[in-house]
Structures are given as structure tokens and as C-alpha cells.
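Subject: Structure for you to look at

Hi,

Here is the structure I said I would pass on. Open it up next to this email and follow along as you read.

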Amino acid sequence: IKKSVRVRLATSPSIHVPVGTESMDDVQLKENTERVLEEVKKTLTKGATQIKTVLLKTTMSKPVKIDW
């Protein structure tokens, strides 16, 4: 997985992070997603309270909201 993050601050803060590939199984994607969320929470000054929504999507799919 690439070690890059795209942050967009135009109208509202948004972080786009690749967490895996379509060929990965659900367990690997879950672990990668949890790791990214933990790192983002550590970086934010108010932690998880600053995260409003988490969406997961493949390149050409519609986003799926993740309840966490």
C-alpha cells in the first residue's frame, strides 16, 4: 500500500487514504482501515470527536458508510 494521504480543505476537511486493494480479503481491509483510523485519531487534537463520517469505496463504486 502506498504511504500517501490526500487532504482536501476546500469546503470541509476530507482525508483520502488507500487502505487496500480489491483483491484483499475482508479481514485485511478491516485491519488496514482500523489502523488508518487510529493514526488519524492520534493526529487530531480532539481525537475521534473530530471524525464525522467514515466512507469506504473502491475505485469505481459508490461509497459505503462505515459505522464505528
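Let's start with a question: where does E22 lie? E22 sits in the loop that runs between β2 (14-16) and α1 (26-43). Before you go hunting for it, keep in mind that this is a predicted model.

**The overall layout**

The protein has one helix and four strands. If you read along the sequence, they come in the order β-β-α-β-β. Of its 68 residues, 12% count as buried. The accessible surface adds up to about 6,100 Å², and carbon and sulfur atoms hold 56% of that. As for contacts in the protein with a separation of 6 or more, 12% of them are between residues 24 or more positions apart.

**Two loops to look at together**

Back to E22. Is E22 buried or exposed? Its relative accessibility is 67%, and exposed means over 50%, so E22 counts as exposed.

Now find T58, which is in the loop between β3 (55-56) and β4 (64-65). T58 has a relative accessible area of 33%, which lies between the 20% and 50% cut-offs, so T58 is partly exposed. Along the chain, E22 and T58 are 36 residues apart, but 7.1 Å separates their C-alpha atoms. Try picking both C-alpha atoms in your viewer and see where they sit.

While you are at T58, look at its side chain too. A polar contact of 2.8 Å links it to the side chain of S61.

**Salt bridges in the helix**

How many salt bridges does a search of the whole structure find? The search turns up four. Here are some of them, one at a time.

Begin with K30 and E34, whose side chains form a salt bridge with an N to O distance of 2.8 Å. Both residues are in helix α1, and they are four residues apart, about one turn of the helix. E34 has 40% relative accessibility, so it counts as partly exposed.

Next come E38 and K41. Their salt bridge has its closest N and O atoms 3.0 Å apart. This pair also lies in helix α1, with a spacing of three residues, about one turn of the helix. How open are the two partners? E38 is partly exposed because its relative accessibility is 41%. K41 is partly exposed as well, with a relative accessible area of 22%. That value is worth a second look: buried means under 20%, so K41 at 22% falls in the partly exposed class.

Then there is K42, which forms a salt bridge with E39. In this pair the closest N and O atoms are 3.1 Å apart. K42 and E39 are both in helix α1, three residues apart, again about one turn of the helix. Here the two partners fall into separate classes: K42 is exposed, with a relative accessible area of 61%, whereas E39 is partly exposed at 32% relative accessibility. Which residues are joined into one network by salt bridges that share partners? They are R35, E39 and K42.

**To try yourself**

Colour the helix, then show the side chains of K30 and E34, of E38 and K41, and of K42 and E39. After that, go back to the loops and find E22 and T58 once more.

Have fun with it!

Notes. Residues are numbered from 1 along each chain as its sequence is written. This is a predicted model: local features need pLDDT of at least 70, side-chain atom pairs count only at pLDDT 80 or more; totals for chains, interfaces and linings use all residues. Side-chain values use heavy atoms; hydrogens and water are left out. Helices (H or I, at least four residues) and strands (E, at least two) are DSSP runs, numbered from the N terminus. Buried means under 20% relative accessible area, exposed over 50%, partly exposed in between (1.4 Å probe, protein chains only). Contact means heavy atoms within 4.5 Å. Accessible areas come from the Shrake-Rupley method with a 1.4 Å probe; for residues, only the protein chains shown count as cover. A polar contact is a pair of N or O atoms within 3.5 Å; within protein, one must be able to donate a hydrogen and the other to accept it, and residues adjacent in sequence count only if both atoms are side-chain atoms.
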